[in-house]
Amino acid sequence: MDVMAPLMFGGLVVFLLIGFPVAFSLSAVGLFFGFLSIELGFFTPAYLGNLPLRVFGIIANDLLLAIPFFTLMGAILERCGLAEDLLEGTGQLFGKVPGGLAYAVILVGAVLGAITGTVAASVIAMGMISLPIMMRYGYDMRIATGVIAASGTITQVIPPSLVLIVLGDQLGKSVGDMYAGAIGPSILQVLLFIGFIVVVSIFQPHRVPPLPDEALTQRGWALWWRVLKGMVPSVVLIFLVLGTIFLGLATPTEAGAMGAVGAVVLAVVNRRFSWDLLWQATQNTMRITAMVIFILIGATVFSLVFQGVDGAIWIEHLLSKLPGGQVGFLIFSQIFIFFLAFFLDFFEIAFIIIPLLAPVAAKLGIDLVWFGVLICVNMQTSFMHPPFGFALFYLRGIAPKEVRSRDIYWGAIPWVGLQLILVAIVIFWPASVTYWLDKSTGVDPSTVRIEVPLPDLPEDDAPPVFK
C-alpha cells in the first residue's frame, strides 16, 4: 500500500503528458487504482459507494453557480464594445507622455479584469485595438506585446476572478475573504507594471514614444467626457458585483447573477446588444462551465481513491519534513506550481494540486486565505510563459503577420519576472493580503465567561436540594 499513492500520481502525470483530456485522465486513473485496491484488499467495494454522494455534492454546490454567472457576464462584456471605448479614450488621455499607450493598456486591463474576469477577452480586445497603434507610432515590439499579454493576466488576481472562486471552494474558505485578500496583490501588480514602464520611459524612451500631436484627435472636456462615459458604468458594475459581496448584502452567486444582468444593461446602453450576442455568450458560458464541472468530477474520483490508499498521509510526510518549516514548504510549493503551470491549466492545478497541499499548509499553521491568494498570484504566470502560455496564444492569433512569434515570447519574460516579484512580496509581506480581511476582535473565545444570575425565588418555590 505504501507505493500505491506515488504510483497513482505518476500514472496521472503519464496520462497528462500523453495529452489525454484532464477530466477523463483523473477519472480513469482513479477508477483503475480503485478497482486494483479492492482486489488487493486495501479497502472494500463499499468505500467507492461514497463516489455518487461526492458527485452529487459537486452538482448541488450553490457556490459553483457563481462560475457560469461570472463567465456569462464576461462573455457579454467581451462583445459589447466596452473595451474599445475604454482603450481609445484612455489612450488619448495618456498619449502625450512617453509610455502613455502602455499606461492606458495596464489601467484598462485592470478595469476589464474587474468586470469581465476573462484573460481572453482582455488580451484580444487590447491587442486588436492598441497593438496596431503601438506599431504605427514606433513602440518596441517586445514592450508592446509584453504589456498587452501581461495586462490581460491581471484578470486572474483582480476580483471577481474565477480562479479565486475555485480556490475558495477547494480550500473551504469564503469567496468574500478570497476577494478581499486579493485586493492588495492586485494593486501591487498594477503598480509593478506601471513602475516597469516608468523605468523604460526614463532610460529607453525611444522604445515607448509619446503619440504625435496629429494622433491626438480629442482634447479638453470632450476627451474627459469620453473617458468618464466608458469608466463610470464600469465602476458602477464593479461595485454592484464586489461591493455587495464585501458589504454582506449578497452571496457570490447572487452578485454574479446581478453582474450578468448588469452586463446585459451595459450592452443595451452601448447599443451593442443583440440576440446573436446573447446566444454566443451563453454558448461560451456553457462550454467553460461544462469543462470545470467535468474536471471537478474527475478530481473527486481521483482524490477519493487517493485518500483511500493513504495518499494524504504520503503527501503530508513528504512536504511537512522539508527543511525550513513554513518558509521551506511555501518556497517548494510555489516552485512546484510554477513549473506545473508550464503544462497544466489553472483549473487543473486548482482541482488536482490544491487538495494535496491545503492539509499540509493548515497543519503548518499557514492562513489558507493568504495561501490561496499566493497560489492565485503564482498561477498568473501560467498564461505568460511557454510552451502553453494562453495569453501569448491569444495575442499571436490576433497580431498582424509582421509581428514575429519570437518577439511575443521574448517580450513576455520581463513581465513573468514582475509576477514572480509579486509572489515574493506576498510571501515575505503577508499583510499585503491579510490587511484587507476582517480584523478580529482580539478576544480569545476560550476566555469568555457568561454568568447568568438566578432569579430571586420565594421560599415556597425554592429548588429542591439533592443529596
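Is Asp140 buried, partly exposed or exposed? Asp140 is partly exposed, with a relative accessible area of 25%. The legends below start from the whole chain and come back to this residue. The model is predicted.

**Figure 1. The whole chain is built from helices, with zero strands.**
The secondary structure comes to 21 helices. The chain has 467 residues, and 50% of them count as buried. Its accessible surface comes to about 22100 Å². Carbon and sulfur atoms hold 69% of that surface. Take the contacts between residues at least 6 apart in sequence: 79% of them join residues at least 24 apart. By the rule used here, the chain has three salt bridges.

**Figure 2. Helix α8 is mostly covered.**
Helix α8 runs over residues 141–153. Of its 13 residues, 12 are buried. Among them are Met141, Ile143, Ala144, Thr145 and Gly146. Val147, Ile148, Ala149 and Ala150 are also on the buried list, as are Ser151, Gly152 and Thr153. Arg142, in contrast, counts as partly exposed, at 34% relative accessibility. The length of the helix can be checked. At 1.5 Å a residue, the 13 residues should span 18 Å. The end C-alpha atoms are 19 Å apart, which agrees.

**Figure 3. Asp140 caps helix α8 and pairs with Arg207.**
Asp140 sits at the N-terminal end of α8 as its cap. A side-chain oxygen of Asp140 lies 3.0 Å from the backbone nitrogen of Arg142. Asp140 also forms a salt bridge with Arg207. The closest N and O atoms of that pair are 3.2 Å apart. This salt bridge links distant parts of the chain, 67 residues apart. Asp140 is in the loop between α7 (119–136) and α8. Arg207 is in the loop between α10 (175–203) and α11 (220–246). Asp140 counts as partly exposed because its relative accessible area of 25% falls between the 20% and 50% cut-offs.

**Figure 4. Arg142, Arg404 and Asp407 form a network of salt bridges.**
Asp407 takes part in two pairings, described here in turn. Asp407 forms a salt bridge with Arg142, the closest N and O atoms being 3.2 Å apart. That pair joins helix α20, which holds Asp407, to helix α8, which holds Arg142. The two residues are 265 residues apart. Asp407 also forms a salt bridge with Arg404, with closest N and O atoms 3.4 Å apart. How covered are the members of this network, buried or partly exposed? Asp407 is buried, with a relative accessible area of 7%. Arg404 is partly exposed, at 44%. Arg142 is partly exposed too, at 34%.

**Figure 5. A nonpolar patch lies on the surface.**
Val327, Ile331, Ile335, Phe339 and Phe428 make up the patch. Together they have about 500 Å² of accessible area. Helix α15 (residues 325–340) gives the most, with four residues. Phe428 lies in helix α20 (residues 405–428). Phe428 counts as exposed because its relative accessible area is 63%, over the 50% cut-off.

**Figure 6. Ser25 is buried in helix α2.**
Helix α2 covers residues 22–40 and holds Ser25. The relative accessible area of Ser25 is 0%. Which residues touch Ser25, leaving aside its neighbours within four places in sequence? They are Leu12, Phe15, Leu16 and Phe20.

**Figure 7. Helix α13 holds a buried Phe302 and an exposed Met286.**
Helix α13 spans residues 275–308, and Phe302 has its place there. Phe302 counts as buried, at 4% relative accessibility. Leaving aside neighbours within four places in sequence, Phe302 is in contact with Met8, Leu12, Leu26, Val29 and Gly30. The C-alpha atoms of Phe302 and Gly34 are separated by 8.7 Å. Along the chain, those two are 268 residues apart. Met286 is also found in helix α13. Met286 is exposed, with a relative accessible area of 55%. Its C-alpha atom and that of Leu72 are separated by 8.8 Å. Met286 and Leu72 are 214 residues apart along the chain.

Definitions and conventions. Residues are numbered from 1 along each chain as its sequence is written. This is a predicted model: local features need pLDDT of at least 70, side-chain atom pairs count only at pLDDT 80 or more; totals for chains, interfaces and linings use all residues. Side-chain values use heavy atoms; hydrogens and water are left out. The expected span of a helix is 1.5 Å times one less than its number of residues. Buried means under 20% relative accessible area, exposed over 50%, partly exposed in between (1.4 Å probe, protein chains only). A polar contact is a pair of N or O atoms within 3.5 Å; within protein, one must be able to donate a hydrogen and the other to accept it, and residues adjacent in sequence count only if both atoms are side-chain atoms. Contact means heavy atoms within 4.5 Å. Accessible areas come from the Shrake-Rupley method with a 1.4 Å probe; for residues, only the protein chains shown count as cover. Patches are made of residues with over 30% relative accessible area and no salt bridge: like charges are joined within 9 Å, nonpolar side chains (Val, Leu, Ile, Met, Phe, Trp, Tyr) within 5 Å. A salt bridge is a side-chain nitrogen of Lys or Arg within 4 Å of a carboxyl oxygen of Asp or Glu.
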